[in-house]
2 protein chains.
Amino acid sequence: MKAEIISVGTEILLGQITDTNASYLASKLPELGIDLLWVTQVGDNLGRLRDCLERAWNRSELVLTTGGLGPTEDDLTREGIAEMMEEELRVDPELERGLREFFSVRSFPMPESNIKQATIIPSAKAIPNPRGTAPGWWVERGGKLLIAIPGPPSEMQRMWEKEVSGRLRERLGHEIILSRTIKTLLMAESAVDEMVSPFLSSTNPTLAVYAKPDGIHLRLTAKAGSKEEAEEMIARREDDMGSILGESTWGHDDETLESVVGTLLVEKGLTLATMESCTGGLLANTITDVPGSSNYFKGGLVAYTNEAKISYGVDAMLIATHGAVSPEVAGDMAEVARLRLGADIGVGITGVAGPTPVEDKPIGTAHIAIDDGREKRLVFGIYPPLRHEVKRRATYHALFELRRTLLSTR
Amino acid sequence: MKAEIISVGTEILLGQITDTNASYLASKLPELGIDLLWVTQVGDNLGRLRDCLERAWNRSELVLTTGGLGPTEDDLTREGIAEMMEEELRVDPELERGLREFFSVRSFPMPESNIKQATIIPSAKAIPNPRGTAPGWWVERGGKLLIAIPGPPSEMQRMWEKEVSGRLRERLGHEIILSRTIKTLLMAESAVDEMVSPFLSSTNPTLAVYAKPDGIHLRLTAKAGSKEEAEEMIARREDDMGSILGESTWGHDDETLESVVGTLLVEKGLTLATMESCTGGLLANTITDVPGSSNYFKGGLVAYTNEAKISYGVDAMLIATHGAVSPEVAGDMAEVARLRLGADIGVGITGVAGPTPVEDKPIGTAHIAIDDGREKRLVFGIYPPLRHEVKRRATYHALFELRRTLLSTR
């Protein structure tokens, strides 16, 4: 199936946002065996949008659009599709009811201009969007398919995952395509690439390597006549790679480091507390991104100064002797957090996020400690010397080590 | 001048990389008064690439391509342009000399396939690329212009900055285009749209409304014969909108709420401390995203349980009487953070991030307090009942109120 993506929005053409929707969808289509041949970005202009839609509808079997489904005058995707298809836009009573309810639940009057989000053409079916006011459109005509999805990434991704990909898979017939993503930390992309290179040329299952914020991901995709067969192909290939990847693997598919850690804490009935300096709250913030984290996360202390560390209970002598950026202080931070907040495990992070070095330690240095009351696991990291990178990498590194500690805890 | 970008590379269509080249170039073109009307991404396929180039050459005055200039068989941009222009590719002796030198300087034998990077067509002039082996192409014919730029972002950006943008500016003459973004919080997109609707149809300056994570942004863009004139047009239109937007405006252009707050804290010589529950560290994390925040941010306390709040010093009686999610407790959290960490100003946030309601208060409720030692500013927010939204919105809301407090502080 030949597919095409059209991303709608003048803000993309002005360079105000990068079109990550197109790359998200592009990365998902191969799993369904769909070939993406073109991506076009076009502004909020009815004539040009209609032209793009027409060309796409003529040359492709599947057209995916994102954006332009908002409530303002600039949002023209509905109008563009209606013109291209020569169908009439009408307010759908059920969509209108849903829209008015969305606003009334929030005790917010609905601006009358929003009513355009309840319009639809006869060939289209609305796709639910609980995250926003713009439903998507699923349009089938003459054996071709056009799917219009809202532009805000959280709405787009949910709609793809929960509403669109399953229906597409069904429509495409019986070949089963299964994917499994293996997530690793602490290895460089080029190193992983070299290690798994014997498998990169395989066509079924395929293997692709991606560098992501939380480490290197390896994605296996198998095509087969049945789910069981595809699963077995993937399992075998994963075994092949097991010894190569070793202990750097921390999770699969939708798992995140914070969800993996959360699940282990719940399983073992343990609680957690943190004290962080260079990550400035990102560790606590990441841990609390997991729904239900209030069941195991007692709290976190952000100590951006030595005084703050000392006021929380870190030993001032340790700071004076070893410096604030030292394994000794990281260890004490972990212990103090644990005791102070009555948790089973404490995590401490101290390092240099930049822009200036601290105590002659270079930007990008961090010491991480995990204290479970019996022993302290101490690790050291050097990351690219950019503020955001240091915060992010040190946070993931700490969660990775916390996972290791939890795995060895009974 | 109507422009179009073509990004070449199958890796974009597979979602393996995001096309940041297009958004980089898109963000640069408005400064030159160039209107970007289309961006197309196409794979390493000669037929489809030539089609895209042909369409672009017919409908646009300036075509920018990135990618496909490498030395491998997959790199087809040169071939595509030559076919489209019906001109012959020949090895240019001077380019060949340069290429051989590039390799010999690095004491690296030149793979013979690299010679294709020294080929060019008669209408094209080579653009130097000291960062790599692929020169760019500057092609002029019939009053139209095509510029082919290598794909690696560091080569692309250098070529744009040092070689292309200046020549383009010279060729275009003197029209100046200036933009200014006004950033607001606490208003819905559709409401802002309605309020500023009289200005939305203006063609110079233009006005566009965008919903962003940190609120609603309004972007004014003016074209004029001189910088001063364009600046005045924007200033006048901004004044027109001032009374409409009122106190909801918090910043401009590249400013973020955290940078605005940071600048005010530095100006006034004040320090900050935080205690947060439902935002789980996101407030501290956002504050510490600003380089130099260690100069004013003393530290933050994340209190995910009532015991943690009480252990930090929050009054247990207040929690028992009013509930943990109450203005009284938010106020006490702000005060305790301020006193505990020896800061001038304390911020407290308590609320319900979900997935379950707390004390019968619905998901998405938050109380925020700013305590400057003289008085407490208390505000209340209701946000969309999704964990991430609650964390994000409550954090920005708190920073917005902190800005207000700082502005009224001498």
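**Group meeting: helix packing, sheets and a few odd bonds**

Okay, straight in: on chain A, helix 10 goes past helix 15 in a left-handed crossing. Left-handed here says that the near helix is turned anticlockwise from the far one by less than a right angle, and clockwise would be right-handed. What you're looking at is a predicted model, where local features need pLDDT of at least 70 and side-chain atom pairs count only at pLDDT 80 or more, while totals for chains, interfaces and linings use all residues. Residues are numbered from 1 along each chain as its sequence is written, and chains are lettered from A and ligands numbered from 1 in the order in which they are written.

Back to that pair. Helix 10 of chain A covers residues 257–268 and helix 15 of chain A covers 387–407, and their axes come within 9 Å, crossing at roughly 30°. Axes are lines fitted to C-alpha atoms, for helices over the stretch in contact, with angles from 0 to 180 degrees between N-to-C directions. So helix 10 of chain A counts as roughly parallel to helix 15 of chain A; the bins are under 35 degrees for roughly parallel, over 145 for roughly antiparallel, 65 to 115 for roughly perpendicular, and oblique for the rest. Helices (H or I, at least four residues) and strands (E, at least two) are DSSP runs, numbered from the N terminus.

Who makes the contact? Helix 10 of chain A brings residues including Val260(A), Val261(A) and Leu264(A), and helix 15 of chain A brings, among them, Tyr396(A), Phe400(A) and Leu406(A). Contact, by the way, is C-beta atoms, placed from the backbone, within 7 Å. By class, the residues of this helix 10 and helix 15 contact on chain A are 10 nonpolar, no polar and 3 charged. Nonpolar is Ala, Val, Leu, Ile, Met, Phe, Trp, Tyr, Cys and Pro; charged is Asp, Glu, Lys and Arg; the others, Gly among them, are polar.

Now helix 2 of chain A with helix 6 (residues 153–171) of chain A: these axes come within 10 Å and cross at roughly 25°. That puts helix 2 of chain A roughly parallel to helix 6 of chain A as well, but here the crossing is right-handed. Thr20(A), Tyr24(A) and Leu25(A) are among the residues from helix 2 of chain A, and Met156(A) and Trp160(A) are among those from helix 6 of chain A. The split for this helix 2 and helix 6 contact is 5 nonpolar, 4 polar and 1 charged. Helix 2 (residues 20–28) of chain A also lies across strands 1, 2 and 3 of chain A, at about 160° to strand 1.

On to sheets. How many strands form the open sheet that has strands of A and B in its order? There are 12, ordered 6(A)-7(A)-8(A)-3(A)-1(A)-2(A)-2(B)-1(B)-3(B)-8(B)-7(B)-6(B), with mixed pairing. Strand 6 of chain A and strand 6 of chain B are the edges, each pairing on one side only. Ignoring direction, neighbours in this sheet are turned by 15° against each other on average. The chains meet where strand 2 of chain A and strand 2 of chain B pair in the antiparallel sense over 5 bridges; to pair, two strands need at least two bridges in DSSP. One bridge there matches Trp38(A) with Val42(B).

The whole A and B contact takes 56 residues from chain B and 57 from chain A. Chain B's side has 26 nonpolar, 21 polar and 9 charged residues.

Chain B also has an open, antiparallel sheet of 4 strands, in the order 10-11-9-12. Strands 10 and 12 of chain B are at the edges with a single partner strand each, so one side of each has no neighbour in the sheet. Strand 10 of chain B pairs with strand 11 of chain B over 7 bridges, antiparallel, and Tyr210(B) has His217(B) as its bridge partner.

Last, the geometry oddities. Most residues other than glycine have a negative phi, and most peptide bonds are trans. Gly354(A) to Pro355(A), however, is a cis peptide bond, omega near 10°, and Pro355(A) sits in the loop between strands 15 and 16 of chain A. On chain B, a cis peptide bond joins Asn204(B) and Pro205(B), with omega about 0°. And Leu186(A) has a positive phi, near 75°, in the loop between strand 9 and helix 7 of chain A.

Key. Two residues are in contact if their C-beta atoms, placed from the backbone, lie within 7 Å.
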